[in-house]
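Biologist: I would like to learn how to read this model. Please take me through it step by step.

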There are 4 protein chains.
Amino acid sequence: MALKTAEQYMERLFKMRKNIYINGQELDRLDPRLQAGINIIKETFKLAAQPEWQELCTATSHLTGETVNRFCHIHQNKEDLLKKQKMTRMLGQRVGGCIQRCMGTDSMNALSVVTKEMDDVMGTEYHQRFLNFLKYFQENDLVGCCAQTDVKGDRSKRPNEQPDPDLYLRIVEEREDGIVVRGAKAHNTAAPYADEIIVIPTRFMTDKDAPYAVAFAVPGDHPGVKMVVRPALPRTREATPSPIFQYGDVESFTIFDDVFVPKERVFMKGEFMFAGFLALMFAHFHRHSYTGCKPAVSDVLASAAALVAEYSGLEKAHYVREKISHIIGTAELVYATGIASAEASEKFASGTQVPDEIYTNVGRRHAGHNIYHEYEILADLAGGLCATMPFEDDFDSENGELLRKYMQRAAGVPVEDIIRCYRLVEHLTVGDLSGVMQVAGIHGGGSPQMETIALMQRYPLKKLKGVAKYLAGIDTDFTCFERGTVTPKQIMDRFKRK
Amino acid sequence: MALKTAEQYMERLFKMRKNIYINGQELDRLDPRLQAGINIIKETFKLAAQPEWQELCTATSHLTGETVNRFCHIHQNKEDLLKKQKMTRMLGQRVGGCIQRCMGTDSMNALSVVTKEMDDVMGTEYHQRFLNFLKYFQENDLVGCCAQTDVKGDRSKRPNEQPDPDLYLRIVEEREDGIVVRGAKAHNTAAPYADEIIVIPTRFMTDKDAPYAVAFAVPGDHPGVKMVVRPALPRTREATPSPIFQYGDVESFTIFDDVFVPKERVFMKGEFMFAGFLALMFAHFHRHSYTGCKPAVSDVLASAAALVAEYSGLEKAHYVREKISHIIGTAELVYATGIASAEASEKFASGTQVPDEIYTNVGRRHAGHNIYHEYEILADLAGGLCATMPFEDDFDSENGELLRKYMQRAAGVPVEDIIRCYRLVEHLTVGDLSGVMQVAGIHGGGSPQMETIALMQRYPLKKLKGVAKYLAGIDTDFTCFERGTVTPKQIMDRFKRK
Amino acid sequence: MALKTAEQYMERLFKMRKNIYINGQELDRLDPRLQAGINIIKETFKLAAQPEWQELCTATSHLTGETVNRFCHIHQNKEDLLKKQKMTRMLGQRVGGCIQRCMGTDSMNALSVVTKEMDDVMGTEYHQRFLNFLKYFQENDLVGCCAQTDVKGDRSKRPNEQPDPDLYLRIVEEREDGIVVRGAKAHNTAAPYADEIIVIPTRFMTDKDAPYAVAFAVPGDHPGVKMVVRPALPRTREATPSPIFQYGDVESFTIFDDVFVPKERVFMKGEFMFAGFLALMFAHFHRHSYTGCKPAVSDVLASAAALVAEYSGLEKAHYVREKISHIIGTAELVYATGIASAEASEKFASGTQVPDEIYTNVGRRHAGHNIYHEYEILADLAGGLCATMPFEDDFDSENGELLRKYMQRAAGVPVEDIIRCYRLVEHLTVGDLSGVMQVAGIHGGGSPQMETIALMQRYPLKKLKGVAKYLAGIDTDFTCFERGTVTPKQIMDRFKRK
Amino acid sequence: MALKTAEQYMERLFKMRKNIYINGQELDRLDPRLQAGINIIKETFKLAAQPEWQELCTATSHLTGETVNRFCHIHQNKEDLLKKQKMTRMLGQRVGGCIQRCMGTDSMNALSVVTKEMDDVMGTEYHQRFLNFLKYFQENDLVGCCAQTDVKGDRSKRPNEQPDPDLYLRIVEEREDGIVVRGAKAHNTAAPYADEIIVIPTRFMTDKDAPYAVAFAVPGDHPGVKMVVRPALPRTREATPSPIFQYGDVESFTIFDDVFVPKERVFMKGEFMFAGFLALMFAHFHRHSYTGCKPAVSDVLASAAALVAEYSGLEKAHYVREKISHIIGTAELVYATGIASAEASEKFASGTQVPDEIYTNVGRRHAGHNIYHEYEILADLAGGLCATMPFEDDFDSENGELLRKYMQRAAGVPVEDIIRCYRLVEHLTVGDLSGVMQVAGIHGGGSPQMETIALMQRYPLKKLKGVAKYLAGIDTDFTCFERGTVTPKQIMDRFKRK
């Protein structure tokens, strides 16, 4: 059994080289500002160790036959996809939002597919390298983060057109034993407490962009890697140390300051035709993960909204039910797309099971279109107090008794529960994490704009127009429009033709 | 093989007693105003007879083992539900909208479940009666319509509270050999060309409403049944007789003027505790059918929008793609809920496979919330011409040449195709059927309002609030929120407890 | 007093040459299919003759000092704009929608501005010609329609780039005494019963498009003008001949088959730099008219929704009030923009008062974005019966008594009133005019897409960014952002600079 | 001239008794955590002293004829309302959001109206008392805050029905020389640095609620008043000390712990029939203020969105313009309702000019419905960096140069400007104030739910239904629907009748 404990994970972290920076200070991984993020990852170890969670949180490695954490697994069948989705939702509920470890999973799955396809077309040998790395990854129950988004400079220009060539990460030197890369990647969630950074391209590329078509993995404290990080933390709560206040988010702006990557950890090197395929494949697996985590976020918001409405004596009001039903409906619609996507998934040459991309895109887009509105509903139902409630220490002061008196709501609900409920809602609506969660709800996994683009590029529009042509009498043959599983296989085929 | 031909279906129709009224005239089923509706039903016979459609359009009766039209089938497993959904979408594309025969299917499935549950609880013998009727129904490949919606009088009052007791259909006399019923049912799609009318209750009922808790089936021309019908027809097209102009809708306002129903065709008689269960079960199966037919409507609209954009030279414009992607996204979201609902379906005591109700409700609601906006998008992209295009005969007149000259659009598209395309769009946006399809998109299968109510009544809100209680530290045990399959089984259990 | 009677208007019409075509037939203006449209125009004469309406429906000509119908007036001040807006709403309520005569008013006002500006810049003599025409127009109380929208062919190409040069109307010959024009204009509301057709360009033009920069007026039956028209008519009602069933819409596809226009009626001839200015000016005045007529449409829809809710016993239900409040809110928001636009209006060189363009654009856009949703609300609250109600003659047949029995709703409301109410709702939601009104709600006066473009072209974005630059410390001087009245004067100035 | 300087205002503050609490500490008004709020109020003094702002920021007292700060003014005419609206927008742009001083203005104006009406009906002498207080208020250029929202306990119960009678503020003792009150008011913006607290009721009341019908003013440090406050502060910026980082918000949970109010400062004492009138009147003036401040918030958001798009090289992208146009459109629609509301305003018995309530309600509601979406657009266009950008000190550290390198965007934009721009966007989207501004955008001045209720209570629905009744032929007389100015005068009349 290749499962490690939360303690073993932390021990690994604490041994790592100092390369984390906050506010100009160089830190090691013991820094308290990182612990709220680390606490989230720890849950993924803890639950995998509990019998009642094992079916969901562990899997059997197709490589070694050993039991591995599902976050280290390469999906082999429909059931794997369904379980990953469900695990993501359940864990998300438990930590009150993003579980953070899926980025590693999604990038590893993307690499499993694309290294194989590249090898088949180009005669390269990336897939075996990847499998070697995967074996190491699974055996040690490693935590991966994914560094995808380049800083991108002028958004209207391609990588090779930027005035400063480093605005997309690129290979600056090729050596016998590896490559040297330079650039920076933004928005690397969980990077400061990940074992491994998985680096992949962020977009489609042309032959002129070849040096930018690069994928690899390096340890989090690899020489030359600098992480300038930004934590978003819950308020410290002494009086109400609820679970929600243990969890936070840390984002890294990761600089690759001429970093040497040894050959055996390089998974793409200049195969520009596959850069977009890999970028899309990660987005795709990640959007499928979103069909699990976004419903969890909605569950948390709907749950808090329903609780505050109950405590205020408003639970039965028509408009309250209507609004809560909107959040629930969003959760269930998005979750349904993940199920449908697994149902329509396909096995690729590498053996990896790839979810249907249209369902994941419409699901992720629907989530993205609704996230701010869901926060709006919670704030609407909670009333202004979520933004104006006195701080915790005031409740312990000479004014404490009066504050408690005036916090009373529905008869029979202990005022301490009302306070705890409001602390949660405050945290969700105006806390340090609130804005970050909203922005993540738009951009994490690609904004709705990106999903619309992906959707319209991949949807068989010509076939769809056949319906109108038949009905209008322009084409006389009816072929019913079944879009088929418009899976990445087609991208691959497209690339093969080139 | 219990499949009949379209011709056999029509022969049955033409033998029926005159009891159809339009504009005060009594008609038989040969009347030309009914043919556009009949043409739709005929497709369900024709395709079931074509080898490439048989897997989708036929099924094996669990009763007789014979091959039956899928519209006569009682769903036995997940695959049956998935195929019914897909069949509905494919046929919907072919007739440009509602396939009309599903109402019979959905009401028969609902009866299969509820008659069994009633028998188990009440010791009645409805289920065997139902199976006898089903056998007859399947063997003759009958077309059923469902008469559910009572005229309802004052909406703020229950059946027994209405000033006129007949505003909900009720039993006015019980006899040894059957019952006599009086009342009227509105919105009976396809009733004038159905073989059988399946009558079921429209809402939950109390003990005072017992005479209103009634379900039965009678032939379409049964003595005492009067159908005052309203067809919505396409314009007659001589120059462009495209498929779309063959299909239309006919709605019946069906009056039961003291109708005798023989005992063997009565499936509920006063069991008021089961009235709501049956109403909900039909709604439920019907909402699952919507996850097939509504995507078909979206397919037709998106397809027409994409075609008119192509012909206008606008297909690549960002805003055009954005808008079309909205319709596509709606189709795929709604379809995904049907798949998820089948995945989470459960087998009931009768052996009938019942889809998950939360997914069907959120899917149907999403469809209902978007239908007008989808029509808006088509009208938006088509431009005003869909409402102002000269009539067909003008194109055959002395002005024909000039009109053709000025109808030219993107180079290379024959002007006749442009005209045909616009005739389709005109039909969809301003034709006689357009408003009817919009209203049906709101109300058919229950309006979004109804789905919100169903959703909030059935969603395990208490369990959901457990998430917030855990995160806020109010409850210290975490149980992840899995709503479970909130299927009608629970309703049944609820009734059993009474 | 230059007011004519409805009878005088009709006499003029009936004397006109036959040049109207429906279904390939050549008609005169007595044809019954035109009367529902004519009835609307007649209201504008009738009310102007009633003392209590005169302040609203008449004005004092700035040219002659005589009392003229407000539809013939050139707005001289803020009050004129406010009264035009109010008149439009009040008349719209009376005819249940579009009052149809404003297009002439709006194009005349646009010409009053642009002919003057052109003369000032180019040394032409259009303004005096226009004033001569205006005098004739006012003295005879003429009805104008506006032919603006060219058929446009491939939308991605400019006028001069179209394969067929006639896809935008153009000057094909210049003579001493006038010009000859060829082309076609679509969507000419009310053209078949207008005295005069005012023709103006539909877009901005370049020097290569000079022959397309043309404006003029010709009588409705001018030689060479052919109108292929499409009426959208209410159902004929004998039992319930309510006001709403007297009114309809007629749209013309107007072909200019080498039409000679005498010099004194030509108001632009090749001044391509002013083509866009004139197009925009008409759109602008017309969008201001929309701030009157669109609230009227909302008034009708909200009113019908409230009435059907009352009759159904649902008036107090929260969700009913919420939905109706949406329609009311739309009406009042849009109407407010018209008032604000008049408040911020400016007097131009010609003396014409020009409304603020930003307010009219955001108002018209808001209306366009909501129109389908308003219809949706009405259909939602009315229930399916608006689409399935039996036809009128059935209520006079042997089934009449039973139908009346089953149409009963809230106690105390006569069933005849319920039937009348539903006939209105049916007309609004599924009638022949329903789709046309929806499409007009999107495209009439320019679709929301067009308003967004106009808004973003004219909004002082650079100035707006000054706010962010100040707050961010990029620019240290604060100048508060007052967009100023971004009126067409600026367009004019822009043209003057060229 | 009764204008004071910002310094004089601060001197007053610093002399006040300590009765502010944060985190259990008792503070005076010099505490640094209050300064960001104080800085906002100071702007209202500073600008009133600048000649170019005086027309907007000062007014002539109708009481004394002296020049007073417009925030101390009672609106006398339409122009006053228009100027107040404009001033609010301009100042809001300058401080990047809420100007905070309007609450005092709005409550004083409400009192001016209601004290007069009460006197007229009840024979009381509140109005003269109020005028005396107003004179003092104006002469000293005082800053008022408004304490309206009671803590309310169980929302489904009225004041007199709460288990603890103090959950709404009430009179607990009446004395010869005044009253003693007990209770708490939540969400008192700016209270900790206001000179005066204006206390008014929060809802309609019945005779049983008489002790809760109370209005008065006390100085901010009045004996028995305790403010437990919650500041929302910008991050401290040393490297980029831009204007935006000087401003913040402070909310008070104000406890009236048996506070004695001298007679001459009591403006309502048990006149329960006027409690709702006063509550509504404040809401009404405050919603009119919203038509100024909410456009300012939109100006800031649109401005930041446009700037970040420009700096990213995306300004011309269609979807960027579409999204920014949405924010601009919201600003202009809401602003238009304020203008229309002033246009339709009425002078009341006290001489106060009262804006039209329907326009203010639909305007405020539209603002409330869009606020989260506007933040969403900014976050969408800014990209994830607004949430993940390294902290300020990192830019001054050893990594500073690399961070600057990777922050480059469109050529020619200095990287320091890009950083400043992102600091602003970060502040707006994920800063401490961000969530507070969102919640304020929903609840400040009453949530959309409240405006819908107000709108539907006051809209002349019966009159509106007259339109449908005429068109349907139910009523044969047409009276056009002019809702009239549905001003509070009608409430007053309603009360008079009682």
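Modeller: We go from a whole chain to a strand, then to single residues and an interface.

Modeller: First, the ground rules. This is a predicted model, in which local features need pLDDT of at least 70, side-chain atom pairs count only at pLDDT 80 or more, and totals for chains, interfaces and linings use all residues. Residues are numbered from 1 along each chain as its sequence is written, while chains are lettered from A and ligands numbered from 1 in the order in which they are written.

Biologist: How many helices and strands are there in chain A?

Modeller: Helices (H or I, at least four residues) and strands (E, at least two) are DSSP runs, numbered from the N terminus. Chain A has 16 helices and 14 strands. Its radius of gyration is 24 Å, close to the 23 Å from the globule rule for 498 residues, so chain A is as compact as a globular protein of that length. That radius is taken over C-alpha atoms, and the rule is 2.2 Å times the number of residues to the power 0.38. The C-alpha atoms of chain A fill a box of roughly 75 × 70 × 50 Å along the principal axes.

Biologist: What percentage of the residues of chain A count as buried?

Modeller: A residue is buried if 20 or more other C-beta atoms lie within 10 Å of its own, exposed if 12 or fewer, and partly exposed in between; C-beta atoms are placed from the backbone. In chain A, 64% of the 498 residues count as buried.

Biologist: How do I read a strand? Take strand 10 of chain A: which residues lie on each side?

Modeller: In a regular strand the side chains alternate between the two faces of the sheet. Strand 10 of chain A spans residues 225–232, and eight of its eight residues are buried. One side holds A:Val225, A:Met227, A:Val229 and A:Pro231. The other holds A:Lys226, A:Val228, A:Arg230 and A:Ala232.

Biologist: Which strands does strand 10 of chain A join?

Modeller: Two strands pair if DSSP finds at least two bridges between them. Strand 1 (residues 20–22) of chain A runs parallel to strand 10, with two bridges. There, A:Ile20 has A:Met227 as its bridge partner. Strand 11 (residues 249–262) of chain A runs antiparallel to strand 10, with eight bridges. A:Pro231 stands opposite A:Val250 in strand 11.

Biologist: Now the backbone angles. What is phi of A:His187 near?

Modeller: Most residues other than glycine have a negative phi. A:His187 has a positive phi, near 60 degrees. A:His187 sits in strand 7 (residues 178–189) of chain A. A:His187 counts as buried because it has 25 C-beta neighbours inside 10 Å. In chain B, B:Ala190 also has a positive phi, near 70 degrees. B:Ala190 lies in the loop between strand 7 (178–189) and strand 8 (196–199) of chain B.

Biologist: Which residues far along the chain does D:Thr44 touch?

Modeller: Two residues are in contact if their C-beta atoms, placed from the backbone, lie within 7 Å. Beyond four places in sequence, the contacts of D:Thr44 include D:Asn69, D:Phe71 and D:Leu91. D:Thr44 belongs to helix 2 (residues 32–48) of chain D.

Biologist: How many residues of chain B are in contact with chain C?

Modeller: 68 residues of chain B are in contact with 68 residues of chain C. Helix 13 (residues 432–443) of chain B gives the largest share of the chain B side, eight residues. Of the interface residues of chain B, 100% are also interface residues in chain C, so the copies meet through the same surface.
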